[in-house]
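Q: Could you take me on a close look at one part of this model? I would like to see how the ligand is held.

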Amino acid sequence: MKKRQVLKGYRKTTWIVHGPDKTTKWDFSRHVVPPMTSSSTYRLQSVSRGARGFCEYGNPVGDDAEPIYIYDRLDDPTREMLEGELAQLEGGDACLTFASGMAAVSGALGAVLRSGDEVVAHDLLYGCTHSLFEKWYPRQGINVKRADFRDPAKVASVIGPKTRVLYCETPVNPTLDLVDLKALSRARDEVNRRRGDNNRLLLVVDSTFATPFCQRPVEHGADIVVHSLTKNIGGFGTEVGGAVIAPQGLYHDLKWYRKDFGGVLSAKSAWSILVYGLPTLPVRLKRQQYSAEKVARFLEKNPLVREVRWPGLASFPQKELARRQMIDFDGEFAPGNMIYFRLDGAKIDAAAFVDDVAQNAYSITLAVSLGHVKTLIEMPSGMTHSAYSGEGAMRGVDGVRLSIGLESPVDIIRDLENSFARTAGKRKGKSAAKAPA
Ligand SMILES: Cc1ncc(COP(=O)(O)O)c(C=O)c1O
């Protein structure tokens, strides 16, 4: 079990910069920044110490016990420091990091589910999570039912005796729909009143779009939180990683799952996220939100745009829920840096518009992923959510996703405006853009 550090009255915005002032994981009392570790295996002074390490693996040890490091895939000090900080920031008991966001999603679920169990998941999810549920889980004897999580009563109505997990993202990738976590937790509690301890229904939330800065699902009743660290938490577009924040009772199984399936976060990636990603998260997101508001308002006024989704807009359909659920470390409303918009197909072809941005804009890059220092644009229907194939439009995946970076919003808006001007009126299927010479 990870040691839970005491915040000593300091704000999380301060704590995220400094982390714990003492750690049993690593002796770095003379370093200002934790050292980077790069050792696949560890010296074990005696056979009995090695055997004790294996025997105690995944069990809670006393807070001040010196950890026994054996092998990088089992444990690593830098990774453990990152995990301690993430657990603290999310307000959870424990955290385990993984090799990617998808490794974290499959680790969180793999440690809980058995063949014959059932998952109830929101209709719309990140494309690879959808593919995990539709392509792989049926082969493992795990049934996945889908429901509209914006309506907790609908979710409650499909929960059956075999349902073990309720799974959703909030905000949802890419539409930014929100799920009311408190309402869903109440539906879960209702079911758990009739269940025993080893069969409890768990609410698992992918909070990647929000990060712990904008939203902490445990505070709203979630059991397990998953993140792609590749996105805003890593923040610079240099690392791939994932994290699971879970109650203490699941720690042992999660740790054994990760050891045996092997999807560990590399120590070097953990170090970058710990040293660069986390301490700069609040300042990056505050700046990105500031720009996102300006870009969202610009888009809203544009006659070529049919609909704009950003949780901070007055027109956002779930604005009250956004204001309740998306709150930053300082208690302020934190609608995040993701925007989703739909173009008016009669006036402009979305693919031609995005092609034009890709080929002519300096401040915006056509690329998947999100939560980068650079502003990224993509069309989920053909890219991140292509696993939905023909069903995409039905579920609202027919728009354009923007992840706002750290550029000046003036430049982002100018680049969008120029691409609108060049592509307005162009016929569908005809790419309007010409690459600069
Ligand atoms: C909401 C969400 N969850 C999970 C993932 C998977 O993360 P990774 O690419 O780090 O595996 C992504 C990736 O885009 C995502 O957007």
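Which atoms are involved where a polar side-chain atom of Lys 231 meets the ligand, and how many Å apart are they?

A: Happy to walk you through the site. This is a predicted model, in which local features need pLDDT of at least 70, side-chain atom pairs count only at pLDDT 80 or more, and totals for chains, interfaces and linings use all residues. Residues are numbered from 1 along each chain as its sequence is written, and side-chain values use heavy atoms, with hydrogens and water left out.

To your question: a polar side-chain atom of Lys 231 sits 3.0 Å from an oxygen atom of the ligand, which is a polar contact (a pair of N or O atoms within 3.5 Å). Taken alone, the ligand exposes 390 Å², and the protein buries 91% of that (accessible areas by the Shrake-Rupley method with a 1.4 Å probe).

Two further contacts reach ligand oxygen atoms. Ser 228 places a polar side-chain atom 2.8 Å from an oxygen atom of the ligand, while Gly 101 uses a backbone N or O atom, also at 2.8 Å from a ligand oxygen.

Stepping back to the whole shell, 13 residues surround the ligand, and Gly 101, Met 102, Asp 206, Ser 228 and Thr 230 come nearest (a residue is near if one of its heavy atoms lies within 4 Å). Sorted by class, the shell has three nonpolar, seven polar and three charged residues; Ala, Val, Leu, Ile, Met, Phe, Trp, Tyr, Cys and Pro count as nonpolar, Asp, Glu, Lys and Arg as charged, and the others, Gly among them, as polar.

Methods. Polar contact = N/O pair within 3.5 Å; in protein donor to acceptor, adjacent residues only side chain to side chain.
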